[in-house]
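User: I've got a structure I'd like to go through with you, mainly pockets and charge pairs. Can we take it a question at a time?

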Amino acid sequence: MHRYVVRRLALALPTLLGLMVLSFTLIVLTPGDPAVELARRRAPSGEATPLDIARAREELRLDRPYPVQLGEWILGLGRADLGRSFSTGRPVSTELADRLPATGQLAVAALMLSVLLALPLGALAALHRNSPLDQLLRIGALLGASLPGFFLAYLLIVVFATTLHLLPVAGRGEPQSVILPTLTLAAGPTAILSRLVRASLLEVLGEDFIRTARARGLREGAIVARHALPNALLGVITIVGSLVGHLLAGAVIVETIFAWPGVGKLAIEAIQQRDYTLIQGIVLFVGTVFIVVNLLVDLSYAVVDPRVRIGAAGAA
């Protein structure tokens, strides 16, 4: 088990380092000059002089060779120094910290809703295979996975906010304001998880130990709840990491439509204002979250499935 953890950590660290290099390089290769943008923002007339640009370039440390810039930037990350936002003048880490609770609330709510809906729906579809109920649930899953997030968001707004006046249109002020963005963000993951639960449960129900349990006279409900479903969920765990990436990507659209003050909306604002430093910090933050979550999923999978531990020990 310890060797498995060490191997996973050894794989995650180079990935994280590659993310750092990529985040920094993408901004360097982006069309436009961050020094010019910063100098224009500070100039009273909006027109920066060559001296203003030179000072901004020196302040941003862009006057140094690329390897030196990259090394200093990575060292600064160890002090949680992501630079300062061009548009607000505040540290990027502070901007992210202010927006993170809103995105965390939305992502956790959407993930919990997806799991709570996908497990029973997927199980029902598997237990009633090829029935009208199964066909209906499969069509619903297909629609949930296919509908664009922006279309579903506007549809929910028209129905529940504009027509029925049951829920607020946008913002984070009222407790019920989280409902519509959560439903929008959870639609895709719910569809993916329910289809995976159905496929995994059907595979487990065909295993020998399930036939043995039925031959012993156990009730079908007990067989499914105690034996089939726990084994089927082992494969579901591996998809959680990718769902977190789906939620973070979808949050950009959802937060913008519903004026939800999270990291996704902050990313759109940074792009619109060409805030290079803030964009860089957001890319690094989102990528790091994705790497960490996938690492935790791998480790948890080794805990719940002894075969992973045995395979890791044999490989070592």
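User: How do the residues of the lining of the largest pocket divide into nonpolar, polar and charged?

Analyst: Keep in mind that this is a predicted model. The largest pocket has a volume of about 740 Å³ and is lined by 28 residues. By class, that lining divides into 11 nonpolar, nine polar and eight charged.

User: Which residues of that lining lie nearest the centre of the largest pocket?

Analyst: Start with the elements: helix H1 (2–29), helix H2 (34–42), helix H4 (66–77) and helix H13 (276–304) each give two or more residues to the lining. Nearest the centre of the largest pocket, though, you'll find Glu59, Leu60, Arg61, Gly83 and Thr277.

User: Moving on, which helix gives the most to the lining of the second largest pocket?

Analyst: This pocket has a volume of about 330 Å³, and 22 residues line it, with Gly140, Gly144, Ala187, Thr190 and Ala191 closest to its centre. The helices that supply at least two lining residues each are H5 (92–127), H6 (132–146) and H8 (179–205). The one that gives the most, with eight residues, is H8.

User: And how many charged residues does the lining of the second largest pocket have?

Analyst: Go through the classes for this lining: 14 of its residues are nonpolar and five are polar. For charged residues, the count is three.

User: On to charge pairs. How far apart are the closest N and O atoms of Asp98 and Arg90?

Analyst: Side chains of opposite charge can pair when their charged atoms come close. The cut-off for a salt bridge here is a nitrogen within 4 Å of a carboxyl oxygen, and the count by this rule comes to seven salt bridges. Asp98 and Arg90 form one, with their closest N and O atoms at 2.5 Å.

User: Are Asp98 and Arg90 buried or exposed, and which residue is linked with them in a network of salt bridges?

Analyst: Partly exposed runs between the 20% and 50% cut-offs. Asp98 has 44% relative accessibility, so Asp98 counts as partly exposed, and Arg90, at 34%, is partly exposed too. The residue linked with Arg90 and Asp98 in a network of salt bridges is Glu95.

User: How many residues apart in sequence are the parts that Glu269 and Arg99 tie together?

Analyst: Glu269 forms a salt bridge with Arg99, their closest N and O atoms being 3.0 Å apart. Glu269 is in helix H12 (residues 263–272) and Arg99 is in helix H5, so this pair ties together parts whose separation in sequence is 170 residues.

User: Is Arg99 in that pair buried or exposed?

Analyst: Its partner Glu269 is partly exposed, at 21% relative accessible area. Buried means under 20%. Arg99 has 16% relative accessibility, so Arg99 counts as buried.

User: Which helix holds both Arg211 and Asp208?

Analyst: Arg211 and Asp208 form a salt bridge, with 2.1 Å between the closest N and O atoms. Arg211 counts as partly exposed at 45% relative accessibility, while Asp208, at 52%, counts as exposed. The two are three residues apart, about one turn of the helix, and both lie in H9 (residues 208–215).

User: Last one, on backbone angles: what is the phi of His165 near?

Analyst: His165 sits in the loop between helix H7 (149–163) and H8, and at 62% relative accessibility it counts as exposed. Ala80, in the loop between H4 and H5, has a positive phi near 60°. For His165, also a residue other than glycine, phi is positive and near 55°.

Technical notes. Residues are numbered from 1 along each chain as its sequence is written. This is a predicted model: local features need pLDDT of at least 70, side-chain atom pairs count only at pLDDT 80 or more; totals for chains, interfaces and linings use all residues. Side-chain values use heavy atoms; hydrogens and water are left out. On a 1 Å grid over the protein atoms alone, a cavity is a set of points where a 1.4 Å probe fits but cannot get out, and a pocket is an open set with protein on both sides within 12 Å along at least five of seven lines; lining residues have an atom within 4 Å of a point. Grid points are joined across faces, edges and corners, and a volume is the space filled by probe spheres set on the points. Helices (H or I, at least four residues) and strands (E, at least two) are DSSP runs, numbered from the N terminus. Ala, Val, Leu, Ile, Met, Phe, Trp, Tyr, Cys and Pro count as nonpolar, Asp, Glu, Lys and Arg as charged, and the others, Gly among them, as polar. A salt bridge is a side-chain nitrogen of Lys or Arg within 4 Å of a carboxyl oxygen of Asp or Glu. Buried means under 20% relative accessible area, exposed over 50%, partly exposed in between (1.4 Å probe, protein chains only).
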